[in-house]
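Here is a friendly walk through one model, from a single charged pair out to the overall fold. Please take a look at the sequence and structure before reading on.

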Amino acid sequence: KKIDEKTEKEKEELKVKRRELLDEQRAKKQDIRVLQAQMQRVEVYEEWENSKKMEKCFIKTKSGKHAVYWLPSSHTSKTHNLLQESRDKIEKEIEERKEA
């Protein structure tokens, strides 16, 4: 009888230990999924930021349904100002998204 009780107790302890290990494994997998999602968001942000940095080389139109980026063959003071305005807006947009 004592042997049966001892084996039952050992079986129960093994079940509990196995359950704990499985729970720990699930938690680690969840942590990995969270980290992968964060890495994905960082990659998407970096791609977006790189595309925005490319836009800084051009003047962005203010009107119309779609944005048009252009660069004159020779700059005037007005086009220099427009280019600087476009750069400032893009830098502000990048900073706002970084803070969010």
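## A pair to start with

Which side chain does Lys56 meet in a salt bridge? In this predicted model, the partner is Glu91, with a distance of 3.3 Å from N to O. Lys56 sits in the loop between helix 1 and strand 1 (59-60), while Glu91 belongs to helix 2 (residues 77-99), so this pair ties together parts that are 35 residues apart in sequence.

How covered are the two partners? Lys56 has a relative accessibility of 21% and counts as partly exposed, because buried means under 20%. Glu91 is also partly exposed, at 36% relative accessibility.

## The overall fold

With that contact in mind, let us step back to the whole chain. The protein contains 2 helices and 2 strands, and their order along the sequence is α-β-β-α. Its radius of gyration is 30 Å, whereas the globule rule gives 13 Å for 100 residues; the value is well over the rule, so the protein is more spread out than a compact globule.

The box filled by the C-alpha atoms gives another view: taken along the principal axes, it is roughly 100 × 20 × 20 Å. Of the 100 residues in the protein, 12% are buried.

## Salt bridges towards the end of helix 1

Side chains of opposite charge can pair when their charged atoms come close. Searching the whole structure turns up 7 salt bridges, and the Lys56–Glu91 pair is one of the contacts of this kind. Two others join residues within helix 1, which covers residues 2-55.

One of them links Lys52 to Glu55, whose closest N and O atoms are 3.2 Å apart. These residues are 3 apart in helix 1, which means that about one helical turn separates them. Lys52 and Glu55 are both buried.

The other joins Glu49 to Lys53, with 4.0 Å between the closest N and O atoms. For a computational chemist, that distance is worth a glance, because the salt-bridge criterion is a side-chain nitrogen within 4 Å of a carboxyl oxygen. Glu49 and Lys53 are both in helix 1 and lie 4 residues apart, about one turn of the helix.

## A small network

What are Glu49 and Lys53 linked with in a network of salt bridges? The further member is Lys98. Within this network, Glu49 counts as buried, at 12% relative accessibility. Lys53, in contrast, is partly exposed, with a relative accessible area of 43%.

## A negative patch on helix 1

Now for some charges in another setting. Which residues gather in a patch of negative charge on the surface? They are Asp4, Glu5, Glu8, Glu10, Glu12 and Glu13.

Glu13 is a handy one to follow. This residue lies in helix 1 and is partly exposed, its relative accessible area being 48%. Glu49, from the network described above, is 36 residues further along the chain from Glu13, and 54 Å separates their C-alpha atoms.

## Pulling it together

The picture that emerges is of a protein that is more spread out than a compact globule, with a negative patch that includes Glu13 in helix 1. Glu49 and Lys53 of helix 1 share a salt-bridge network with Lys98, and the Lys56–Glu91 pair ties the loop after helix 1 to helix 2.

Terms used
Residues are numbered from 1 along each chain as its sequence is written. This is a predicted model: local features need pLDDT of at least 70, side-chain atom pairs count only at pLDDT 80 or more; totals for chains, interfaces and linings use all residues. Side-chain values use heavy atoms; hydrogens and water are left out. Patches are made of residues with over 30% relative accessible area and no salt bridge: like charges are joined within 9 Å, nonpolar side chains (Val, Leu, Ile, Met, Phe, Trp, Tyr) within 5 Å. Accessible areas come from the Shrake-Rupley method with a 1.4 Å probe; for residues, only the protein chains shown count as cover. Lys and Arg count as positive and Asp and Glu as negative; His and the chain ends are not counted. The place of a charge is taken as NZ of Lys, CZ of Arg, CG of Asp or CD of Glu. The radius of gyration is taken over C-alpha atoms; the globule rule is 2.2 Å times the number of residues to the power 0.38. Buried means under 20% relative accessible area, exposed over 50%, partly exposed in between (1.4 Å probe, protein chains only).
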